[in-house]
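Hello,

The structure we talked about is below. My notes on it follow.

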Amino acid sequence: MIDIRLLRSAPDEVRSALARRGDDAVLHHLDTLITLDASLRDVTAERDGIRAKVNDLSRTVGQLRRDGKVDDASRLQDESRELGLREEELAAEHDRVQGEIRNILLVVPNLPNEQVPEGGSDADNPVVSGPFLPNGGEDGFAEHQRVPHWDIGVALGILDNERATKIAASMFTMQRGAGATLARALCQYALDLNADAFEEVRPPTLVSTATLTSTGQLPKFADDAYAIERDDLWCIPTAEVPLTSIYAGEILDHAQLPARFMAYSPCYRREAGSAGRDTRGMLRAHEFDKVEILAIATPEQSPDLLVEMVGRVERMIASLGLHHRVIEICTGDLGQSHHRSFDVEVYAPGCGQWLEVSSISWFSDYQARRADIRYRPVGEDSKPVKGTALAHTLNGSALAVPRVWAAILETHRNPDGSVTVPEVLRPYMRGIEIIGG
RNA sequence: GGAACGGUGGCAGAGCGGACAAAUGCAGCCGCCUUGAAAGCGGCCGGCCCAAAAGGCCCGGGGGUUCGAAUCCCUCCCGUUCCGCCA
């Protein structure tokens with residue numbers, strides 16, 4: 001959620017920041033919010049005034065009864081009862097307006113950071129690192145690398161989506177043999193590589209409605225998530241969801257920040273908006289594995305953490321011998337909750353496309369406000385200063401298995417059709433160096 | 001799933017219809033004392049709304065009774081223990 005106090009005190013700033021996203025419906029919401037907020041404060045003031053009177057009368061009644069002045073007391077009781085009726089009306093109005101404000105706030109997107117580049121769609125996302133390609137171009141790959149991974153996977157007997165579909169439904173995948181081992185090796189590798197700074201967590205992968213709302217998936221993107229209605233739980237689309245809520249509703253000491261977590265988890269996505277797209281191979285599936293890294297930080301720590309996390313992902317992709325680039329997400333393509341965001345993309349020579357394998361994002365206090373994650377700030381002398389402040393959250397996929405798996409098959413395919421396992425993964429591969437060799 | 005007992009400030013723990021944002025202890029902060037520290041003494045010491053004063057809200061969530069609810073009633077959630085079931 002954005003800060004309604006900021007909207008109140010600097011409406012033009014909020015308006016122009018959100019205008020950069022190029023979504024007029026959002027601006028209309030702002031007008032509604034300003035109106036509702038003003039009336040909420042009127043109603044609140046009036047309600048609180050009546051409550052003050054009732055409280056006062058009640059105290060007097062108590063005193064009078066102790067003094068045995070029953071008649072006086074009952075006269076005041078009548079008066080108080082009258083006021084109570086009015087208070088009830090105002091309280092109902094207050095709750096109604098407040099609920100309306102909250103419902104709107106839940107769908108208003110985050111303010112983009114000033115540094116987010118201007119743009120209308122993903123076509124305008126600038127490349128900020130790379131591209132790192134053989135011979136400098138997308139056609140710098142050899143002929144034997146020009147085979148899509150779905151063909152390679154079937155030929156080597158390590159991808160069996162046909163049976164995955166039989167077992168579950170379309171757009172589910174199944175890896176077998178060395179393919180399954182490779183998928184797991186990638187997770188192990190990603191976890192080990194980030195264990196220097198991130199605490200490993202094995203979170204729940206089914207979460208409550210409140211938890212899925214905190215990170216921004218609800219209420220707007222309910223159709224994208226798998227719901228387990230009978231138990232009022234949701235399957236997580238990413239470990240970001242449970243990890244962000246680890247400290248939900250808590251007030252942290254400054255010294256606890258940044259808190260950094262990483263988790264391997266399965267991720268479940270209905271892909272409601274993209275049915276029929278990328279249905280072959282591993283490019284888009286309802287269930288996949290991912291290692292997520294996440295930080296809960298102070299506003300001051302956040303910019304550096306964002307850079308650090310992008311660097312970690314970039315180095316890891318490079319260590320797998322994959323060809324990549326980093327793009328920054330422009331204003332028109334920025335996700336609802338995002339304040340600033342970078343994607344790491346890998347070039348898959350077999351299917352001839354850039355694959356998004358990681359998205360590293362800074363959420364400013366947008367998620368923290370929803371999840372109520374606060375900390376006690378300190379002054380320059382490191383002594384606590386008065387009050388609490390909302391934390392900032394950042395997260396990114398350290399490694400999303402399917403697309404990296406696909407890119408490895410295509411990039412490291414040999415002329416004889418076998419696939420060489422990247423050196424760094426071999427410790428996790430039970431000695432397999434070449435798949436199908 | 002059943003039963004019993006619980007859910008109060010950072011923690012422990014009183015309060016069980018009015019003077020309670022809430023005793024007390026511990027932790028924390030400031031000061032005195034001290035060469036320094038500890039002990040001792042004095043003071044401070046929850047969060048939220050409102051620009052703020054005033055005021056209001058918060059004793060697991062929601063609802064009810066009452067002039068008045070941390071306290072009584074209903075309901076839901078969570079915890080502990082026992083029983084049942086079970087990877």
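How much area does chain A expose, and what share of it do carbon and sulfur atoms supply? Chain A exposes about 20,500 Å², and 48% of that comes from carbon and sulfur atoms; the areas are from the Shrake-Rupley method with a 1.4 Å probe.

This is a predicted model, in which local features need pLDDT of at least 70 and side-chain atom pairs pLDDT 80 or more, while totals for chains, interfaces and linings use all residues. Residues are numbered from 1 along each chain as its sequence is written, chains are lettered from A and ligands numbered from 1 in the order written, and side-chain values use heavy atoms, without hydrogens or water.

Chain A has 12 helices and 16 strands, taken as DSSP runs (helices H or I, at least four residues; strands E, at least two) and numbered from the N terminus. Of its 437 residues, 51% are buried, meaning under 20% relative accessible area (1.4 Å probe, protein chains only).

Now the RNA. There are 19 residues around RNA strand B, and R8, D48, S80, R81 and T388 come nearest; a residue is near if one of its heavy atoms lies within 4 Å of the strand. Helix α3 (24-66) is among the elements that each supply at least two residues of this surface, and its 10 residues are the largest share. Sugar or phosphate accounts for 69% of the RNA strand B atoms within 4 Å of the protein, and bases for the rest.

Two side chains reach phosphate oxygens of RNA strand B: a polar atom of T388 at 2.5 Å and an N or O atom of R376 at 3.5 Å. A polar side-chain atom of S80 lies 2.4 Å from a sugar or linking oxygen.

Regards

Methods: Buried means under 20% relative accessible area, exposed over 50%, partly exposed in between (1.4 Å probe, protein chains only). A polar contact is a pair of N or O atoms within 3.5 Å; within protein, one must be able to donate a hydrogen and the other to accept it, and residues adjacent in sequence count only if both atoms are side-chain atoms.
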